[in-house]
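Thank you all for coming; I would like to walk you through one model this morning, and I will begin with charged side chains before moving on to the rest. Please have the sequence and the structure open as I speak.

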Amino acid sequence: MDVDMADNKPDSNGDNPFGLSAAEWKFYQFVRASPKGVKFTDRPEDMDVQESYLAMNALLKKLNTLEVIALNGENMLKAIDLRDAEKASKLNDDARLVYNMIRAASNTGIWTKELKKKTNLHTIVLNRTLKSLEQRQEIKAVKHVKYPTRKIYMLYNLTPSSEVTGGAWYTDQELDTDFIDSLKAACLKYITARSFPRIEGVTDAVFSADHELYPTATEVRRFITESRISSIDLSVKDITSLLDVLVYDGVVEKKMPFMAGMEDFSDDEDDDDASVQWSYKAIRKVASRLPTEALTETPCGRCPVFTFCVEDGPVSPMNCEYFKTWLDW
């Protein structure tokens with residue numbers, strides 16, 4: 001919901017937005033310049049303590065253009081968009097409380113049960129307030145893919161996050177397995193085509209060990225986009241998650257660029273260079289060249305206790321668990 005400071009600049013007459021005084025506007029701009037918030041003891045360099053505290057109290061209590069948030073166990077001040085503050089100022093106390101709670105949840109939304117707990121409003125009052133805000137198109141109810149039975153609310157003009165909608169892999173709140181399978185097949189085909197050299201008459205040719213031109217997630221995404229296989233604009237993160245599935249399926253392996261792996265040796269597990277892109281290589285399934293014999297097909301041919309197997313012994317053909325399983329199958 002955040003907008004540029006230009007949207008909240010003074011008008012042509014020199015008046016500050018929302019009727020703020022010069023001190024209040026200066027303090028508001030100071031807080032807004034820090035997206036994560038500022039401490040209660042922070043203030044603009046050219047404002048004394050008394051002036052800054054008077055402005056802060058006015059913005060918090062009278063104008064509702066600042067809010068108190070908890071960050072790392074410490075209370076902080078955070079600026080509220082003036083347009084949101086103006087909307088909230090036109091609501092009654094209950095509606096303003098509910099509206100601000102929903103606004104704070106941003107595009108992830110807030111569950112009605114959690115909303116009731118935070119506002120401490122009676123269920124009847126809360127439901128009436130939510131209905132009124134919905135009718136005024138200030139808020140909207142959305143479905144959450146992880147919690148389909150829950151009623152989630154967010155501001156009317158926000159687009160739900162991928163966490164709520166499920167992202168590109170969900171259609172109408174349902175996992176689109178056909179779409180995922182078709183993309184997996186297309187990705188695997190593209191990676192396979194770039195994983196092995198094409199030599200006429202040679203079916204099992206491979207690149208040398210120092211070959212590094214295997215495709216990255218960015219290149220796979222470009223292929224998907226240019227081929228128009230998907231009508232949805234997939235991000236590199238989406239493609240990476242798809243390629244990870246292929247890795248788990250055992251049909252693709254991840255390869256780190258050789259020089260990137262050699263440049264820096266660090267014991268710090270958190271030292272992850274985001275600029276290094278993994279590449280992906282298809283795994284060629286090779287049929288076994290060993291002859292199949294009858295002995296290797298029976299439990300005896302692969303028995304780990306074959307040397308101890310004797311008649312009337314602790315292990316014998318009469319009490320063999322491997323034989324029993326094999327015959328039952």
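Let me start at R194, which has a relative accessible area of 25% and therefore counts as partly exposed. Please keep in mind that this is a predicted model. The side chain of R194 meets that of E219 in a salt bridge, with 3.5 Å from N to O. This pair links distant parts of the chain, since R194 sits in the loop between helix 8 (177-193) and helix 9, whereas E219 belongs to helix 9 (residues 217-227), 25 residues apart. E219, for its part, is also partly exposed, at 23% relative accessible area.

Helix 9 takes part in a further pairing, in which the side chains of R221 and D233 meet in a salt bridge at 3.2 Å, N to O. Here R221 lies in helix 9 and D233 in the loop between helix 9 and helix 10 (236-248), 12 residues apart. Is D233 buried or exposed? With a relative accessible area of 63%, D233 is exposed, while R221, at 26%, is partly exposed.

Moving along to helix 10, D244 forms a salt bridge with K254, and the closest N and O atoms are 4.0 Å apart. That pair connects helix 10, where D244 is found, with strand 8 (residues 252-255), which holds K254. Salt bridges that share partners also join R32, D81 and R83 into one network, and a search of the whole structure finds 10 salt bridges.

D81 brings us to helix 3, because this residue caps the N-terminal end of the helix, with a side-chain oxygen 2.9 Å from the backbone nitrogen of R83. Within helix 3 (residues 82-89), the buried residues are L82, D84, A85 and A88. Seen down the helix axis, these buried residues fall within an arc of 155 degrees, so they line one face of helix 3. Their cover includes helix 1 (22-32), helix 4 (93-104) and strand 5 (152-155).

A word on the cysteines: C187 is at 0% relative accessibility and so counts as buried, whereas C309, at 31%, counts as partly exposed. The count of disulfides comes to zero.

To finish with the whole protein, its secondary structure comes to 13 helices and nine strands, and 32% of its 329 residues count as buried. The accessible surface comes to about 22,300 Å², of which 51% belongs to carbon and sulfur atoms.

Terms used. Residues are numbered from 1 along each chain as its sequence is written. This is a predicted model: local features need pLDDT of at least 70, side-chain atom pairs count only at pLDDT 80 or more; totals for chains, interfaces and linings use all residues. Side-chain values use heavy atoms; hydrogens and water are left out. Buried means under 20% relative accessible area, exposed over 50%, partly exposed in between (1.4 Å probe, protein chains only). Helices (H or I, at least four residues) and strands (E, at least two) are DSSP runs, numbered from the N terminus. The arc is that of the directions from the helix axis to the C-beta atoms. Contact means heavy atoms within 4.5 Å. A polar contact is a pair of N or O atoms within 3.5 Å; within protein, one must be able to donate a hydrogen and the other to accept it, and residues adjacent in sequence count only if both atoms are side-chain atoms. A disulfide is a pair of cysteine sulfur atoms within 2.5 Å. Accessible areas come from the Shrake-Rupley method with a 1.4 Å probe; for residues, only the protein chains shown count as cover.
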